[in-house]
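Let's walk through a few packing and pairing details together, one question at a time. Have the viewer open and follow along.

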Amino acid sequence: MANSRVSLLLLTLLALTLSLSASSPSSHNREELETPITRFQQYLRFKTAHPNPNYTAPVSFLTALAKSIGLVTQSIEFTPNKPVLLVTWPGSKPSLPSILFNSHLDSVPAEPTKWLHPPFSAVHTPDGKIFARGAQDDKCIAIQYLEAIRNLKSKNFIPTRTIHISYVPDEEIGGFDGAAKFVNSKEFRHLNVGFALDEGQASVNDEFRVFFADRSPWNLIIRAKGKPGHGSRMYDDGAMENLMKSIEIISRFRESQFDVVKAGKAANSEVISVNPVYLKAGIPSPTGFVMNMQPSEAEAGFDLRLPPTADPDLMKKRIAEEWVPAIRNMTYEIIEKGPLRDHMGRPLMTAVDDSNPWWGVFRQAIAAAGGKLAKPEILLSTTDARFIRQLGIPVFGFSPMTNTPILLHDHNEFLEDTVFLKGIEVYEHIISSLSSFEEVHST
Amino acid sequence: MDYPLLTSFSSTNRSLFLFLFLFVLLNTCLLLPNPGVAVAEDESSAVISRFQQYLQIDTAQPSPRYQEAADFLISQAKSIGLESQIIEFAVGKPLVLLKWAGSDPTLPSILLYSHTDVVPVEQHKWAYPAFSAQLDSHGNIYARGAQDMKCVGMQYLEAVRRLKSSGFQPVRSIYLCFAPDEEINGHDGAEKFADSDIFKTINVGIVLDEGLASPTEKYRAFYAERSPWWLAIKATGSPGHGSRLYDNSAMENLLKSIESVRRFRASQFDLVKSGLKEEGEVISVNMVFLKAGTPSPTGFVMNVQPSEAEAGFDIRVPPTADPEALERRIAEEWAPVSRNMTYEFKSKATVYDKFGRPLITKTNSNPWWVLLEEAVRKANGKLGKPEIFPAATDSRHFRFRGLPAIGFSPMANTPVLLHDHNEFLNKAEYLKGVEIYESIIKAYASYAEHASNEGTKDEL
Ligand SMILES: [Zn+2]
Ligand SMILES: [Zn+2]
């Protein structure tokens, strides 16, 4: 990766030297070198992958970029070394609730050996693809927000509502030191956010996708106890036996949910998913495990996802009574990774009908940009949007990427330059429509 | 033996204690003046105290005090007047071999076999220190090894001591072998011994080895044992985010196999539960480990479905089962290639002897079995029907070489406590066992029919 960086630098120098020697004005050439695409590439090259994301450098970069457009910036650390960058474009009527555009700074790790190009090199191939970890998730929208504002400014557009952009850390590890702390801060309250957009997902066809809810993740750990015994003895109620009974019941439930999806009756994200993520039992030995002792403890871990339409209390009852009954010497632990209900006790979802005036404005903006919108969806996993929704603020998940394979968290994540540029245009329409929408809105 | 069993406490045992207590009380009150009884009591208390001395030597794995045990056994042999030698097939692991020469050295000998090591203890779960050999008010002697199998080793010696002092002269030579490491597979003990030149020269015709306690009044005798197959199955599949539902994940593939294994296990267990088969007659399969997941500093990564998942099973195969059919079942149902599964045997004991015959000691048409039955009866004992030992013992090393071996530990009316907490044997049962062995050794050592030619030996 160091090598490719050096060669890029050399190429840049070479290009400069050539242009200088050609005695054309260097400033013009430098302008040509600085494009939305190159700024996207620069942002993609920051190594923001977990477990050691570099937050300082990208925040400086974004700050400089925002300032160059004439926006106000503020960096806040709710947790040391985990900055939140807030960029503001003041509106003409600051008393109206503002519009927030959120994106996260961090990315998931990459295995370079499985990539065609180094994951933090942001190689732009002749066929227009920009390869990088974060190209889809979600560094594209981070730059698109700013580029859209740059264009609107150059067209002398003046927003009525104030526009905010937030860049938050740690989304990929739960957002607890990022968005969760940010939305609960007095700084956030002062923003008086009326509506927000956060990341969405790529679309494999020509329709843009919009997400009105996340599924809430639970970590479920089940533990069985039983009499230990020699490996040759068959007896009832061993820990393994007890654990397997539970796992089989959970597997049946998983199948029933999956069958609904397979039958086309529901989307993947509309059912309760439950997937085993670990199994642990046995007495360790120098060569692996003791093969002639039945252990007295066994445990398994599951990743459970609840759509906002699911009843969490009913789920808890099912777990306690059917999946992990105490009568079989079982115990369990549920770790709820995030909120299930908003501050009013309502399911965490944003309305996608006339009851939500932002929905109409958003839909019209997409149409004005010449785009088509798919049926609103629930996101398969989670984003920071849930923390904002918890405050009762409507949020859509949206990343303008059509005709793009879904590669977030995958090897060879890329985005096509034309798709990226089209996204800027789409955001211009969205920002101008949302910020001009004056109807009194109560949250 | 390599086997911990149930903790069920037999009520027969309690009434027996009561009976014995009253019996002893009567004896003490009415018959104490009789000098003959006093002598008998002195003698039995000496027998018990020698048993306790042996039990007090801590020979628990993984650091058994073998040398101390060997010194004690050699001193016993000297006091009885037996020839003795110590053989070390592995450094620090002495095997004690004692001999009482018979009058006809051309006849194959009798091997009275026992192991000197015991399994470890969790002392906090015991009522008495596990190497104190505490005698309680019911006459129970508590110690690790009280059932498995220091009782048998000392009973052989006591029986020989009494036969010798009674003037009995064996026709066949009698060997007593005290071997190390049975509890850790017998590789440096019985296995090397059975392979040795010394073993060839002592020309063994029949082996007696450990059996199991019996909660009823009938002693138990074992003609075979189940072979351990230690199986690990492994599934691979594409990894994925924890939120995604997809088919053919490693976890799903493994869990399907485990379900299949569990159905088989239930079918075998049902045969035992319904009384149609004994425990040793079915194929047992028990899960011993599960391993899957991406480790994290706090446990496991909770949002990634792993690309590998493994499970381990302890399978026990009786010699009456069809091992080829079982292996086919493993390959086709438990770890099928079609589900992206592989399997591996961590260990796989044969169910055949070196001549390709099932690892079984015959019961009918076997004079040694018949002699054992008669001898037990003569000593007023009862014998249950022949059984397959559910786990592994050192007998397999002898049966593998085509020798008859009978698993027998004379403990009736006794809960099966080997490898369990608070292992004990009642003093009266122990003394009764000495009489049983006296009767057996007498019968075996006097059996003069020449059975050393190959054809006849095969019949044994
Ligand atoms: Zn993301
Ligand atoms: Zn044993």
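Q: Which residue in β5(A) does A:Val123 stand opposite?
A: This is a predicted model, and here we look at chain A. Strands β4(A) and β5(A), the latter covering residues 129–131, pair in the antiparallel sense over 2 bridges. Opposite A:Val123, in β5(A), stands A:Phe131.

Q: Which strands stand at the edges of the open sheet β4-β5-β21 of chain A?
A: The open sheet has 3 strands in the order β4-β5-β21, with antiparallel pairing. An edge strand here has a single partner strand, so one side of it is left without a neighbour in the sheet. That description fits β4 (123–124) and β21 (414–416) of chain A.

Q: What angle does the direction of helix α12 of chain A make with that of β21(A)?
A: Helix α12 spans residues 417–436 of chain A and packs on the sheet. The helix touches β4, β5 and β21 of chain A. Its direction and that of β21(A) make an angle of about 70 degrees.

Q: Are α4(A) and α5(A) roughly parallel or roughly antiparallel?
A: Two packed helices are described by the angle between their axes and the distance between the axes. For α4 (residues 56–69) and α5 (residues 139–154) of chain A, the axes come within 10 Å and cross at roughly 10 degrees. Angles under 35 degrees count as roughly parallel, so α4(A) and α5(A) are roughly parallel.

Q: How many residues of the contact of α4(A) with α5(A) are nonpolar?
A: On the α4(A) side, the contact is made by A:Phe61, A:Leu62, A:Leu65, A:Ala66, A:Ser68 and A:Ile69. From α5(A) come A:Ile143, A:Leu146, A:Ile149, A:Arg150 and A:Lys153. These residues divide into 1 polar, 2 charged and, for the class asked about, 8 nonpolar.

Q: Which residue takes a positive phi in the hairpin of β1(B) and β2(B)?
A: Strand β1 (residues 83–90) of chain B runs antiparallel to β2(B), with 7 bridges joining them. One pairing is that of B:Ala90 with B:Lys93 in β2(B). The hairpin has 2 residues between the strands, and the positive phi, near 80 degrees, belongs to B:Gly92.

Q: Which residue in β6(B) does B:Trp100 stand opposite?
A: Strand β2 (residues 93–100) of chain B is mostly covered, with 7 of its 8 residues buried. β2(B) also pairs in the antiparallel sense with β6 (residues 174–179) of chain B, over 5 bridges. In β6(B), the residue opposite B:Trp100 is B:Ile174.

Conventions:
Residues numbered from 1 in each chain as written. Chains lettered and ligands numbered in written order. Predicted model: local features only at pLDDT ≥ 70, side-chain atom pairs only at ≥ 80, totals over all residues. Heavy atoms only, no water. Axes fitted to C-alpha atoms, helices over the stretch in contact; angles between N-to-C directions. Helix = DSSP H or I, 4+ residues; strand = E, 2+ residues; numbered from the N terminus. Parallel < 35°, antiparallel > 145°, perpendicular 65-115°, else oblique. Contact = heavy atoms within 4.5 Å. Nonpolar A, V, L, I, M, F, W, Y, C, P; charged D, E, K, R; others polar. Buried < 20%, exposed > 50% of the residue type's maximum accessible area, 1.4 Å probe, protein only. Pairing = 2+ DSSP bridges.
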